[in-house]
Amino acid sequence: VQNSRKVLQKNRSAKCRGEIQNWNREEKRKLSSEIAMATRQRRALTSDPPETASSPAYTKVDKPERSDGENEGVDRGLGWLLPLLCLGMLRHMSATSNIIHDCDEVFNYWEPLHYLLYKSGFQTWEYSSQFALRSYLYILLHKLVGWPAAWWFGEEKVRVFYAVRIFLAGLSVICDAALVVALSRKYGKRLASYALAMLCLASGCFFASTSFLPSSFSMYAMSLSSALFLFNKPAMAVSVAATGVILGWPFSILAFLPLTIYSLVKSFKPVFLTGVVTSIVLMVLSVLVDYDYYKKWTSSVINLLVYNVLGGGESHLYGTEGASFYLRNGFNNFNLCFVFALLFLAILPVAKKKYAPELLVVVSPVYLWIAFMSLQPHKEERFLYPIYPLICVAASAVIESFPDLFRDKYNPNGSSTLVKIAKILRPLALGLILCVSHARTFSLINGYSAPIEIYKHLDYHDDAGPGSVLCVGSEWHRFPSSFFIPDYVGQVRWLDDGFTGLLPIPFNFSLGGTSAAPSYFNNKNKASERQYLKDPEQCTLLIELQLQRPYPTRGSDMSTWEIVAALPYLDRELSPPLYRSFFIPNQWQQKNVFGQYRLLRRIHK
């Protein structure tokens, strides 16, 4: 019995050990299966090419926003709609209300355009085929708008004048909007918004944007070229720069040098080929157009450069200014915006990571151009036009960097009290700039718009009769162009009021018109015997500025002349500089002295 029990126990133990072994083998199989499955899944994940290929690279859009809201909305940037709408509205206002700031705009550009459209207009010595310093290619660009406008409006030449101005405004809108969008995508919405506000309202940009001048065209090219450069399109940027130099103002080549050199270093072959091809095409086209009008093979671009650089051009004959002229002029037209722009290099060590090298390349012409032009004896406000947009960009960068001046370099994301104050100062500085700019714009438009408005009154006095003679004495330099002269006026003649320089003389169609080389023109600014009307008794109408002076004027003889229209005109000499330069509420009219800009008609006895 005992042996039987021992055998039974052994059998039971063996059975239990077998079951345990079987259970262990089953668990091992399950575990091995799970490990194999996990291994296959890991291999599938790591070797999945579509998932890896579609994963985007890290960009600044993926960067988490700071908790203090500093980067809120920056990365999204500005679209095209807002800049186009804002600039479009302000440029339209400029086109319809802008005054003419320089007589060169009238006699070297509006008058030749008037001659091409209506076969009448004044000619300057630069357009004599003997000198051929002015390009007709630039005039033809505006004729593309002037000719259909002249056909559409008929005898209403004033509307043609404003149609061309609106065309200029459109060019400015497109180029400046591109610059704003490029700044937004490269440096963020805040800097771009500041630049947009200044481009819209700064007095310099407001007036220069719709001026019919090659320097304004170079300004358009500067905005568009800088935008393309920031869009990382260096070849197109250099091509636009070449267009601004050849088709616009050849001397602006100096302002485009930093961008061109940097683009060549960055991508030599495509930039070089594009720039050379653009320059050759435009130069050939310019020569062909000059030949068609001057009737001789010449290049107005080369003639202008040779006369002023190599030929000993006597620009000092037309006035000289001191070395501080452009600093004073820059402050008048941009106020604190100009000051901040000059401080860009000062803040660069703090903001170098943000703005170097691209933005430094873009704004460097501000310093280069002001320094070079200040060394020239002959200075004019329009010479600074090409860098006007860059002044706004540089100032925007400085204002946007206010908080960076006070950040702790070991804790750049911290918000100390000084950083918070700097953030508050940004909109305050921008608001001050815009308010002062508006004060400047208001003062100029309301103080000096009388000449254009008085000439518009000629349309209401056609009872003077056909063939009337309109006479202008010392106010010849404020003549707004022949677009404001109605058809019943047969001639516009200058009266001798003591000016000894050479005045424009009407194009002589009998001598060949644009191809003529009249003997009465010279490049020494010496008066011609033909420029003045010998007998003032032939005058039917008279334009005159009546100021508070101790000497009488022609129009002061009320027995000979009657006033048919008069408007106030700001007396620059007797008005305080601060009040005449900027509109100050409740003080502008009280502190300033005004004369009368008059249209007079001869009394028939």
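**Exercise 1. Helix α9**

What span should the 17 residues of helix α9 have at 1.5 Å a residue, and how far apart are its end C-alpha atoms?

*Solution.* The structure is a predicted model. Step one is the expected span: helix α9 covers residues 214-230, and the reckoning multiplies 1.5 Å by one less than the number of residues, which gives 24 Å for this helix. Step two is the comparison: the end C-alpha atoms of α9 are 24 Å apart, so the two values agree. Step three concerns the surroundings of the helix: 16 of the 17 residues of α9 are buried, and the helix is thus mostly covered. Just after α9, Asn232 adopts a positive phi of about 65 degrees.

**Exercise 2. Helices α10 and α12**

Determine whether the axes of α10 and α12 are roughly parallel or roughly perpendicular.

*Solution.* First, take the two helices: α10 comprises residues 234-248 and α12 residues 268-294. Their axes come within 8 Å and cross at roughly 25 degrees. Next, apply the cut-off: angles under 35 degrees count as roughly parallel. The helices α10 and α12 are therefore roughly parallel to each other. Finally, the hand of their crossing is right-handed.

**Exercise 3. The open sheet**

State the order of the five strands in the open sheet, and identify the strands at its edges.

*Solution.* The order is β3-β2-β5-β7-β6, with mixed pairing. At the edges stand β3 (489-494) and β6 (561-570); each has a single partner strand, so one side of each lacks a neighbour in the sheet. On average, neighbouring strands of this sheet are turned by 20 degrees against each other, direction ignored.

**Exercise 4. Strand β2**

Describe the partners of strand β2 and the directions in which its residues point.

*Solution.* Begin with β3: β2 (residues 468-472) pairs with this strand in the parallel sense over five bridges. Here Ser468 has Val489 as its bridge partner, and Val469 stands opposite Gln491. Continue with β5 (residues 541-546), which β2 also joins in the parallel sense, over three bridges. Leu470 stands opposite Leu541 of β5.

Then consider the side chains. In a regular strand they alternate between the two faces of the sheet. In β2, Ser468, Leu470 and Val472 point one way, while Val469 and Cys471 point the other way. Five of the five residues of β2 are buried, so the strand is largely enclosed by the rest of the structure.

**Exercise 5. A recorded span**

What share of residues 333-351 is helix, and how far apart are the end C-alpha atoms?

*Solution.* An unreviewed UniProt entry lists these residues among its spans for "transmembrane region". In the model, residues 333-351 are 89% helix and 0% strand, and their end C-alpha atoms lie 27 Å apart.

Notes. Residues are numbered from 1 along each chain as its sequence is written. This is a predicted model: local features need pLDDT of at least 70, side-chain atom pairs count only at pLDDT 80 or more; totals for chains, interfaces and linings use all residues. Side-chain values use heavy atoms; hydrogens and water are left out. Two strands pair if DSSP finds at least two bridges between them. Helices (H or I, at least four residues) and strands (E, at least two) are DSSP runs, numbered from the N terminus. Axes are lines fitted to C-alpha atoms, for helices over the stretch in contact, and angles run from 0 to 180 degrees between N-to-C directions. UniProt positions are given in the numbering used here, feature names are shortened, and annotations may be inferred rather than shown by experiment. Buried means under 20% relative accessible area, exposed over 50%, partly exposed in between (1.4 Å probe, protein chains only). Angles under 35 degrees count as roughly parallel, over 145 as roughly antiparallel, 65 to 115 as roughly perpendicular and the rest as oblique. A crossing is left-handed if the near helix is turned anticlockwise from the far one by less than a right angle, and right-handed if clockwise.
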